[in-house]
Structure formats: C-alpha cells, structure tokens
Amino acid sequence: MLHKLLPTFFFSQAREAAEVLLPQAHRPGGFIRTTVSTRKTSEPDKLYKGKLVLLVNAHSQSMSEYFTMFLQTIPGSVTIGSQTAGADGDVTRIQLPYASFNITGAGICYPDGTNAQRNGVKIDKVVEPSAEGMIRGVDEQLQEAIDYLQGGHI
C-alpha cells in the first residue's frame, strides 16, 4: 500500500529510481535489465513541499534500501548516515538435505549503473557514529539531520 501512497505526496513526475537485473534461467550468465520508475502524482496540490532527509546506517537493508533509492529521486532530498548493508534484491532459499542457504537472484543498481548491492545506497553526507557520541548518548546522525533541517548545509 505504501508504494501507492508515496506518489501522492512526493513525486511530481515519474523518475527512474532503480534498475533490476534478473537472471535468465535458459541462458546462464544472461540477465534481463528492467528500469523501475516512480509514479507521478494525480494530486499535485497535495505534494509535500518541505525538506526531506533520509537517515540510513548499517541496519538499513533490503526493502529500506530499495525505498531509499526511490525517495532519493525527490528533488532536494538529502541522504545522511553511514554505509547501508547493500543487501537489496530478492531472496531465494535453497534447501539441501542437511543444509539450506539464501541467495540473491536479482541485481539492484541505480539508473546510472551504480551497483547498490554490496555497496549500499548513495549518501550525500556521511556521518559515522562514534564511541564518544554513544558514551554521551548523542545520535550524531540524527543530530546532523536536525541541524540540516534547521538551516544547516550539506
């Protein structure tokens, strides 16, 4: 449902957000490349006009990384944080008699070809949490986002 609600508030026009590379079972090593785009709002008067900050870190993985890629297409959005897991894409479970494992069958890239898998999402302002910040009880990534929203610069 969220994927249908987001265009109402954020996307003034359709934009390419990601490319998905799906393996071809009948041709090992071959892939089908599909571009995935946002949808344009049908209610432009409802578009959000404020600043948008996306917070990411090592706990951001899979669907949250994929959603981040979509939200990054919003003009003026800023991504703050540290490297994400780089674990977006589908998961296929392979069950063997005495073991099982999961593999990713699809490749996820930005429209410019930048690989999001293993690399994580693109970040505008890298802010690493520090031991000192943790000791003081300060979330440095959140504080950077607050500072930006209050008029700071990236």
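## Two sheets and their helices

Helix α4 (residues 140–149) lies across β3, β4 and β8 and runs at about 170° to β3. Helices (H or I, at least four residues) and strands (E, at least two) are DSSP runs numbered from the N terminus, contact means heavy atoms within 4.5 Å, and angles run from 0 to 180 degrees between N-to-C directions of axes fitted to C-alpha atoms, for helices over the stretch in contact.

This is a predicted model, where local features need pLDDT of at least 70, side-chain atom pairs count only at pLDDT 80 or more, and totals for chains, interfaces and linings use all residues. Residues are numbered from 1 along each chain as its sequence is written, and side-chain values use heavy atoms, with hydrogens and water left out.

**Exercise 1.** Work out the order of the open sheet that holds β4, and find its edge strands.

*Solution.* Start with the order: β3-β4-β8, 3 strands with parallel pairing. Two strands pair if DSSP finds at least two bridges between them. Next, the edges: β3 (53–56) and β8 (125–126) each pair on one side only. Now zoom in on β4 (residues 78–81), which pairs with β8 over 2 bridges. There, G81 sits opposite V126 of β8.

**Exercise 2.** Do likewise for the open sheet with β1, and say why its edges lack a neighbour on one side.

*Solution.* The order is β2-β1-β7, and pairing is antiparallel. β2 (31–37) and β7 (107–109) have a single partner strand each, so one side of each has no neighbour in the sheet. On average, neighbouring strands here are turned by 20° against each other, direction ignored. β1 (residues 16–23) pairs with β2 over 7 bridges, and L21 has R33 in β2 as its bridge partner. Finally, add the helix: α2 (residues 63–71) lies across β1, β2 and β7, at about 140° to β1.
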